[in-house]
Amino acid sequence: MPSDLEKAMESLILVFHRYASKEGNSNTLSRRELKDLMENELADFLKSQKDPATVDKIMRDLDSNGDGEVNFEEFVSLVVGLSIACERCYQMYMKKTAAKK
Ligand SMILES: [Ca+2]
Ligand SMILES: [Ca+2]
C-alpha cells in the first residue's frame, strides 16, 4: 500500500502528464495546457484570483528556463508555492479554531 505522501506524488506526476500530453511536447505544458490544468485542477485557486492575466503571469513566473513551456520541475515549483500558501491558511485556521475553544 502506498502512503498518503507517495499517492500525492504519484497524482502530481499523473496530472502533469495528463495535461502535458495534449499537444506539442508531451513532457512540457504549453500555455493552453497549463490553462486547462489550472481551470480543471486548481479551480478554487483561480477563483480567488480576480486578475484575468493570472495564467500568463504564472506561466512567466514558472518558466525559469525561458523556453515558453512549463516542464515538470517548473510545474512542481507552482505546486510547492501553492502548498506553502495553503499551509499558512491551515495554520491560521487552526489558530482561529483553537482560540474559539
Ligand atoms: Ca505539451
Ligand atoms: Ca520552461
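Which helix holds Glu39? Glu39 sits in helix 2, which spans residues 31-41. The model shown in these views is predicted.

**View 1. Glu39 on helix 2.** Glu39 is partly exposed, because its relative accessible area is 40%. Its partner in this view is Arg88, 49 residues away in sequence. In space, the two C-alpha atoms are 23 Å apart.

**View 2. The site of the calcium ion (ligand 1).** Ala20, Glu23, Asn25 and Thr28 each give an O atom. Glu33 gives two OE atoms. These protein donors lie 2.3 to 2.6 Å from the ion. Along the sequence, the donor residues follow the spacing A-x2-E-x1-N-x2-T-x4-E. The angles among the 6 donor atoms run from 51 to 166°, and the site is irregular.

**View 3. Two donor residues of ligand 1, Asn25 and Thr28.** Is Thr28 buried or exposed? Thr28 is buried, because its relative accessible area of 9% is under 20%. Asn25 has 43% relative accessibility, so it counts as partly exposed.

**View 4. The site of the calcium ion (ligand 2).** Asp63 and Asp67 each donate through OD, and Asn65 through OD1. Glu69 supplies an O atom, and Glu74 two OE atoms. The distances to the ion are 2.2 to 2.5 Å. Here the donor spacing reads D-x1-N-x1-D-x1-E-x4-E. This site is irregular too, with angles of 52 to 158° among its 6 donor atoms.

**View 5. Two donor residues of ligand 2, Asn65 and Glu74.** Glu74 has a relative accessible area of 4%, so it is buried. Asn65 is partly exposed, because its value is 47%.

How values were computed: Residues numbered from 1 in each chain as written. Chains lettered and ligands numbered in written order. Predicted model: local features only at pLDDT ≥ 70, side-chain atom pairs only at ≥ 80, totals over all residues. Heavy atoms only, no water. Helix = DSSP H or I, 4+ residues; strand = E, 2+ residues; numbered from the N terminus. Buried < 20%, exposed > 50% of the residue type's maximum accessible area, 1.4 Å probe, protein only. Donors = N, O, S within 2.8 Å, 3.2 Å for Na, K, Ca; no water. Tetrahedral: all angles 85-135°; square planar, octahedral: opposite > 155°, others 65-115°.
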